[in-house]
Amino acid sequence: MGRPLKIQKSSTGSGNGGAAVSVDLAFPNFGSLTAPVFNSPTQTLDDAQYLGVVGGAGPTDTPSATNPRIDVTVNIANPSGTGIGVATGYIIRQKGSHKYLVGDATGVNDGSFVVGQAYQISTVGTTTNWTAAGAPTNFGLGTIFTATSVGGSGNGAAFSVGVCVLDDDTTPAVGLMAITFTTGDSTATTISKLTNKFLLDWTGGSTYAATSVIADKRYVTNFFTDEGTVIKSGTTAAANTGTVTSGQQNLLDLAIVDNVTS
């Protein structure tokens, strides 16, 4: 159903003299394409916008109104198996069709780390002994490590990290997460599967059984408009016929994936 999510991040490669460079911010906008095909019947996308969505690792991404990133609600499991709690999060990496490595954007200060919990450095600080807490010697902003101690009394901080699976609940249970979308000015609806260009809803039911998934409706993702349709690759602009499971779906509805811009 498409490729895994791009992830916004900053690179400090030598190609820019060591200065941070933002990468994978977005997809090529319509203005950069030859003979672009916009949404219809009314065009609500412009040359500066694009189809597709991206994740982003909280400490190192650079979202903006031009290039947002996906907003996520997470409930990461801690080493004891209980949940850290429902919180705003971010996507670090896609690990499967429904599974992601995510961060909890609630900061944890040096001295409050939980042994065995994974973290991503969000504030390096000047007085935290990160290697004593479990980080590698080449630590920096965005480094992921597993805590080997509670830390000390420094001024650094980190975000909790864990693997979560998409769920049909905006207040997810332990080990689960939620991403929502809107279409046609609807209320926010949870996503069952998400790639860089498409999403599935939960029309077929709140399970990942094959009989449920084949009945889930597919949408084209973006950050800017939930109006109109686009032509499905390999089809024509003819009207859809039948249903999702038994028919010809030529036109896909656009959906706005909920996002953050700063």
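In this predicted model, the chain carries 12 positive and 17 negative side chains. The centre of the positive set and the centre of the negative set lie 13 Å apart.

The backbone comes next. The chain has 21 strands and 2 helices. Its radius of gyration is 20 Å, close to the 18 Å that the globule rule gives for 262 residues, so the chain is as compact as a globular protein of that length. Along the principal axes, the C-alpha trace spans about 65 × 45 × 25 Å.

Contacts show how the sequence is brought together. Among contacts with a separation of 6 or more, 60% join residues 24 or more positions apart. Of the 262 residues, 42% are buried. The chain exposes about 11900 Å², and carbon and sulfur atoms supply 52% of that area.

The aromatic rings give a closer view of such links. The count of aromatic pairs is 11. One of them joins Tyr50 and Phe224, whose ring centres are 5.1 Å apart, with 85° between the planes, an edge-to-face arrangement. Tyr50 lies in the loop between β2 (21-23) and β3 (54-56), while Phe224 lies in the loop between β16 (218-222) and β17 (229-231), so this pair ties together parts that are 174 residues apart in sequence. Tyr50 has a relative accessible area of 2%, which means that this residue is buried, as the limit for that class is under 20%.

Elsewhere, ring pairs link several residues into a cluster: Phe113, Tyr119, Trp130 and Phe145.

Technical notes:
Residues numbered from 1 in each chain as written. Predicted model: local features only at pLDDT ≥ 70, side-chain atom pairs only at ≥ 80, totals over all residues. Heavy atoms only, no water. Helix = DSSP H or I, 4+ residues; strand = E, 2+ residues; numbered from the N terminus. Rg over C-alpha atoms; globule rule 2.2 N^0.38 Å. Buried < 20%, exposed > 50% of the residue type's maximum accessible area, 1.4 Å probe, protein only. Contact = heavy atoms within 4.5 Å. Areas by Shrake-Rupley, 256 points an atom, 1.4 Å probe, with all protein chains shown as cover. Lys, Arg positive; Asp, Glu negative; His and termini not counted. Charge placed at Lys NZ, Arg CZ, Asp CG, Glu CD. Phe/Tyr/Trp six-rings, centres within 6.5 Å; stacked < 30°, edge-to-face > 60°.
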